[in-house]
Amino acid sequence: MVFEPILEEGVFRFDCSADDRNAAFPSISFENAKVRDTPIVNVHKVPTYIPTFECVMGQQIVNMEFPPNTSFYGTGEVSGQLERTGKKIFTWNTDAWGYGAGTTSLYQSHPWVLVVLPDGEALGVLADTTRRCEIDLRNASNIKVISSSSYPVITFGPFASPTDVLVSLARAIGTIFMPPKWALGYHQCRWSYDSDARVREIAVTFREKSIPCDVIWMDIDYMDGFRCFTFNQERFPDPKSLADYLHQTGFKAIWMLDPGIKNEKGYHVYDSGTESDVWIQSADGEPFVGEVWPGPCVFPDFTQSRARSWWANLVKDFTSNGVDGIWNDMNEPAVFKTVTKTMPESNIHRGDTDLGGRQNHSHYHNVYGMLMAKSTHEGMSLANKQKRPFVLTRAGFVGSQRYAASWTGDNLSTWDHLHMSIPMVIQLGLSGQPLSGPDIGGYAGNATPKMFGRWMGVGAMFPFCRGHSETGTIDHEPWSFGQECEEVCRLALRRRYQILPLIYTLFYFAHTKGIPVATPSFFADPKNLELRSHENSFLLGPLLVYASTSKDQELYQMQHKLPKGIWLSFDFEDSHPDLPALYLKGGSIIPVGLAYQHVNEANPTDDLSLLVALDEHGKAEGFLYEDDGDGYEYNKGGYLLTTYVAEHQSSVVTVKVFKTEGSWKRPNRRLHVKLLLGEVAMISAWGIDGEVLQIQMPSDSELSYLVLASEKQCRIRRESAKRIPDSEVSGHKGTELSQTPVEMKSGDWILKVVPWIGGRIISMENLPSGTQWLHSRLDVNGYEEYSGVEYQSAGCSEEYSITERGVEHAGEVESLKLEGDIGGGIVLQRQIHVSKENPKVFRIDSAIVARSVGAGSGGFSRLVCLRVHPMFNLLHPAESYVAFIAIDGSKHEVWPESGDQFFEGDFRPNGEWMLVDKGLGLALVNRFDISDVNKCLVHWGTGTVNLELWSEERPVSRDSPLKISHEYEVTRLP
């Protein structure tokens, strides 16, 4: 192992050997690749924590040990818990629609871990490789990284705080682009607002209902046959006219562009790309063709500068239609009708030398989306150098923040995903991407009014704030869930616009210094071990946002866990049970504006408010950054950065400007200072911004009265607020995802079961291995059972009832019995249970039983077949296969390329088959009673595989049910 200091003091590069250091590929994550490869001199500090290296069969294995009670964060876009100990993820950008808490690969890859030591100090670990990377945090206080040789490991710190680590990381990988101010307003999106008329209707409704909004988005249906850079002439005949209308009413317009270009001669984008020779190639040297939305598509090779330039010029021309921002979707890149969900790893990229040169797709897969976003960003800059580009990308890598914002992908309209959105946004921020947010309300499925209102309440505080929903679901606009929910959404978004001066200031610091925007609550108290796993709150600078993300728990019934020090609660006279609580840290001042309908409604001379929370010494400090809200004059000094201070002396609090930066002249405006007293109480005074303002403090008795009166008034306001009902919205059809699944947690397994739609299992998570073998939406896929040989025959969508649930019953740790009426006097019964004797296994006993078959039929039902249909998710599709020994003794390995296969007679597995994942080194073993099973089916889907068990097909009676009993266990490969 060799190491050398780079970048600045406290940052080190480690390599397995000097030869490995010389053989390492150029860095794409570093803003300047040469910085990673250039040691600095006159540094005498040696690294505190040193990784160990081991090379086995072409894989480089890195281990780092830390003290007990060390906490792990980061790892980029990941689902599940905030504190990452016990988790393992794989950096492989994946189209992960409807992901679950245990999904190990999402849309972005960040081979980065933020390490917080027991004493509050912190360091960062970056595995600087673009290839698929395993980050294993399952062992406490240990980081294990596995990827193809050779790659360097960069450590940042230990430094005094987690923020210091992230600032140092930003010096390496670059900071977030400075967003235009309008991009920090509320965004409304849907797949799809499918016509010019519908977009105008949405815009009008926002303004009529006085719900703040700055942006409306156009999804893929604006295109002509899903061809990028085209418009459907029937639905969007004049996009420039539409954009002009939106601009006149205070809206910006953002349009989607995907990487898949229809393989069609005569289509100008395809023809020009072919002429410029910009397509990714198959191993045979021909352009790779894969199916996406338009049908057969070719894909630009963004690793080539000529391809990026070609794309950027297309974007430049496209923006002349009044395009304000661009949305890059499907850029993992996603490919339909393939098990891997993407293109073959053997595809060829003819990359620039400074990126790594000619390599196969496995090398560039994880940076494809980032390079597309870079090209899009450059195209928007070409179109108008006086405007800041805004790009949103689904796929990304370390460094993507230099070019684009991101969102957390195709989430679900469930309470679990509402809760998970907080740690997901935070993790991206702790990985260098501060401008992110979820699809508020959930993308897939239907939110309920209560869920949507709660989600908007917390989502309005996220750095990126957008509502988005999938086709086929009910409307998800703020007014779609009844008047009570509409009012909560209005209040939530008014809050956002009032704190936009704070958010914009935070982004200035993120852009110039790399300071994160949204952080976990423990950042205010890094030594507090209890706070390190707290997921109901987060910080926006000194502002603490505390939310209830549970269906059954009211915000003000919760005990609010706060960091040490003074935290003063406040509101905007808008306290509501479905809105988050707000606290300001003692010693802080934050700027507050008016509740505009859109950003461009603001005027620099409008009244400015400051919220002041004094610390234990009676002092406070805060910042306000102001500029044109767009353009680049701020780089030439065209801005105003004000530092305000407050101090309490002799019963008077004095507030004044301490210092300023920038050449902007201070606007002539009134200043409203609000001094927080606690329990939402405050006293205030008016003055002129830039002049000294003094507030007379009340006596102790007056102060006590003010606090008690304010607390009472706030309580009355909350109690009298119209609660959002947790019920369906009448007149809408769609899939209900909002009910809480039944969770079975026992032994080595956590299962989630949905009795009300098919009794399906939607999640199978194995705890010791940290793997989620199955996750699905509530209405389709997952673990299903049918009553016939036809796909999705009766049994998979009926409502089941729970007939029995036992925590400890008949030797089982936990059991669940379900029953669903599938018509004709027959029912489908299912019992799921984990035994005491072997908690590694969970078992399912299923049966089709005649319950009330008429006498005229001789007591027999219609012809039925019990078909067990589990759809498992492939974490490593190219390294997964099904293995078994047949009854006749023959050995079988069924790989994805073999297609669907039935096994009958003596070719059936002899009571056991397994789904093998060589990448994980694990197998999911499925055992069954061979006498119950007449045939077995292996069906490969896009990133999935079904291992089906079929009974014989026959009528059933009371005395002759059809039964299949089987079990699952995860084992490690030898």
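## Helix α6 and its surroundings

In this predicted model, the buried residues of helix α6 pack against three other elements, namely β16 (261-262), β18 (295-298) and α7 (305-318). The helix itself covers residues 268-276, and the residues in question are Val269, Tyr270 and Gly273. When the helix is viewed down its axis, these buried residues fall within an arc of 95 degrees, so they line one face of α6. Just after the helix, Asp277 takes a positive phi of about 55 degrees.

Tyr270 also belongs to another grouping, because ring pairs link Tyr270 into a cluster whose members include Phe236, Trp255, Trp279, Trp310 and Phe318. The aromatic rings are taken up again further on.

## Strand β9 and its partners

Strand β9 spans residues 122-127, and 6 of its 6 residues are buried, so the strand is largely enclosed by the rest of the structure. In a regular strand the side chains alternate between the two faces of the sheet. In β9, Ala122, Gly124 and Leu126 point one way, while Leu123, Val125 and Ala127 point the other way, and all of these residues are buried.

Strands of a sheet pair through backbone hydrogen bonds, either parallel or antiparallel. Strand β8 (residues 112-116) runs antiparallel to β9 and is joined to it by 5 bridges, and within this pairing Leu114 has Gly124 of β9 as its bridge partner. The two strands form a hairpin with 5 residues between them, in which Gly120 takes a positive phi near 95 degrees. Strand β9 also pairs with strand β12 (residues 153-159), again in the antiparallel sense and over 5 bridges, and here Leu126 stands opposite Ile154 in β12.

## A buried residue in a loop

Val398 lies in the loop between β23 (396-397) and β24 (405-407). Is Val398 buried or exposed? Its relative accessible area is 2%, and residues under 20% count as buried, so Val398 is buried although it lies in a loop.

Leaving aside residues up to four places away in sequence, Val398 touches Ile28, Ser29, Ser109, His110, Pro111, Leu126, Ile173 and Met370. One of these contacts, Leu126, is the residue of β9 that stands opposite Ile154 in β12. Val398 and Ser431 are 33 residues apart in sequence, while their C-alpha atoms are 7.5 Å apart in space.

## An open sheet of five strands

Elsewhere, an open sheet of 5 strands has the order β3-β4-β11-β10-β6, with antiparallel pairing. The strands at its edges are β3 (52-56) and β6 (88-91), each of which pairs on one side only, and the twist from one strand to the next averages 15 degrees.

The pairing of the edge strand β3 can be followed in detail, for β3 and strand β4 (residues 59-65) pair in the antiparallel sense over 5 bridges. Within this pairing, Glu54 has Ile61 in β4 as its bridge partner.

## Aromatic pairs

How many aromatic pairs does the structure hold? There are 54 of them, and one is formed by Trp217 and Phe464, which are edge-to-face, with 6.3 Å from centre to centre and 65 degrees between the planes. This pair links distant parts of the chain, since Trp217 is in strand β14 (residues 215-218) and Phe464 is in the loop between α11 (449-459) and β27 (465-467), 247 residues apart. Trp217 counts as buried at 0% relative accessibility, and Phe464 likewise counts as buried at 0%.

A further pair is formed by Phe236 and Trp255, whose ring centres are 6.0 Å apart and whose planes stand at 75 degrees, so this pair is edge-to-face. Phe236 is in the loop between β14 and α5 (239-248) and Trp255 is in strand β15 (residues 252-257), 19 residues apart. Phe236 counts as buried at 1% relative accessibility, and Trp255 is buried with a relative accessible area of 0%. Both rings belong to the cluster that includes Tyr270 of helix α6.

## Charges over rings

Rings also appear beneath charged side chains. Arg670 lies over the face of Trp686, at 4.1 Å from the ring centre, and Lys935 lies over the face of Phe902, at 5.2 Å from the ring centre.

Terms used: Residues are numbered from 1 along each chain as its sequence is written. This is a predicted model: local features need pLDDT of at least 70, side-chain atom pairs count only at pLDDT 80 or more; totals for chains, interfaces and linings use all residues. Side-chain values use heavy atoms; hydrogens and water are left out. Helices (H or I, at least four residues) and strands (E, at least two) are DSSP runs, numbered from the N terminus. Buried means under 20% relative accessible area, exposed over 50%, partly exposed in between (1.4 Å probe, protein chains only). Contact means heavy atoms within 4.5 Å. Rings of Phe, Tyr and Trp (its six-membered ring) pair if their centres lie within 6.5 Å; planes under 30 degrees apart count as stacked, over 60 as edge-to-face and the rest as tilted. A charge sits over a ring if NZ of Lys or CZ of Arg is within 6 Å of the ring centre and within 35 degrees of the ring normal. Two strands pair if DSSP finds at least two bridges between them. Axes are lines fitted to C-alpha atoms, for helices over the stretch in contact, and angles run from 0 to 180 degrees between N-to-C directions. The arc is that of the directions from the helix axis to the C-beta atoms.
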